[in-house]
Amino acid sequence: PDIWGSRRDPRAADQPALFGSDGSPTLSVFVGERRPLASAGPRRRALLARHLRALDDELRSLGGELVVLEGDPVEVIPQLARDVGSRTVRWTADVSGYAQRRDSAVAAALEGSGVGSEVHWGTLVHAPGTVVARSTGRVQRVFTPFSRAWSSTERAPWPDGPPRPARIGSVRGGDPTRLLGVDPDDPKMV
């Protein structure tokens, strides 16, 4: 199966990175990265645990599951791809500097393993820098011209039909509650 790496957008509905280009099943994975988790407070981690639980429930209703792993995605994702025989790993792009560096390193590690990678802008209608003025080719700085350019920019194709999440019995991930070190059902964490 292909792999979908869920990052900051844990949802199955309307998620282009979850769809295989050839309609093949997709294994969903969340990698708990030590650096971002270390700076997150307990309420934020509890919220993430609730979102991951909801995503797993949604994927299970579609015949799949969410595999939760811990570690450096540069090591964990290529290893998982090798373990399940994946040809492609997809994820939703992010604009932060940290995410750009991480994603470039993951893509390079995958390429070194002979696995392809695809990045989707599932959190945005148009990728950054694609909404430009026709006359200058630059991003508009005033809202009304930007709005017109945004409306006239061709949208990237969006997947049709339901996603096909996969369940792989040989892959066991951890529990988000243990990984995040919080009880998401604790009333103090709401």
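**Reading a predicted model by its definitions**

Tutor: In strand S4, Thr88 stands opposite Gly116 in S5. This is a predicted model, in which local features need pLDDT of at least 70 and side-chain atom pairs count only at pLDDT 80 or more, while totals for chains, interfaces and linings use all residues. Residues are numbered from 1 along each chain as its sequence is written, and side-chain values use heavy atoms, with hydrogens and water left out.

Student: What makes S4 and S5 a pair of strands?

Tutor: Strands (E, at least two residues) and helices (H or I, at least four) are DSSP runs, numbered from the N terminus, and two strands pair if DSSP finds at least two bridges between them. S4 (residues 88-92) and S5 (residues 116-120) are joined by 5 bridges and run parallel, so the condition for pairing is met. S1 (residues 2-6) is also joined to S4, by 3 bridges and again in parallel, with Trp4 opposite Arg90.

Student: What is the unit made by S4, H4 and S5 called, and what makes its hand right or left?

Tutor: S4, helix H4 (residues 97-112) and S5 make a right-handed β-α-β unit. A crossover has that hand if, with the strands pointing away from the viewer, the path from the first strand over the helix to the second runs clockwise.

Student: Why is Arg90 called buried?

Tutor: Buried means under 20% relative accessible area, exposed over 50%, and partly exposed in between, using a 1.4 Å probe and protein chains only. Arg90, which lies in S4, has a relative accessible area of 0% and is therefore buried. Both faces of S4 are covered, with Thr88, Arg90 and Thr92 buried on one side and Val89 and Trp91 on the other.

Student: Why is Arg178 called exposed?

Tutor: Arg178, found in helix H6, has a relative accessible area of 54%, which is over the cut-off, and so it is exposed.

Student: How do you know that Arg90 makes a polar contact with Ala17?

Tutor: A polar contact is a pair of N or O atoms within 3.5 Å; within protein, one must be able to donate a hydrogen and the other to accept it, and residues adjacent in sequence count only if both atoms are side-chain atoms. The backbone oxygen of Ala17 lies 2.8 Å from a polar atom of the Arg90 side chain, and therefore the distance falls within the limit.

Student: What makes a group of residues a nonpolar core, and which elements contribute to the largest one?

Tutor: A nonpolar core is a set of buried Ala, Val, Leu, Ile, Met, Phe, Trp, Tyr and Cys residues joined through side-chain atoms within 4.5 Å. The largest one has 17 residues, and those with the most contacts inside it include Phe30, Leu55 and Leu180. Helix H2 (42-61), strand S3 (66-70) and helix H6 (176-180) each give two or more residues, and H2 gives the most, with 5. Leu180 is in contact (heavy atoms within 4.5 Å) with Leu37, Arg45, Leu48, Ala49 and Leu52, leaving aside neighbours within four places in sequence.

Student: What is the reach of H2, and how is it judged against the expected span?

Tutor: The expected span is 1.5 Å times one less than the number of residues. H2 has 20 residues and reaches 29 Å from its first C-alpha to its last, close to the 28 Å expected.
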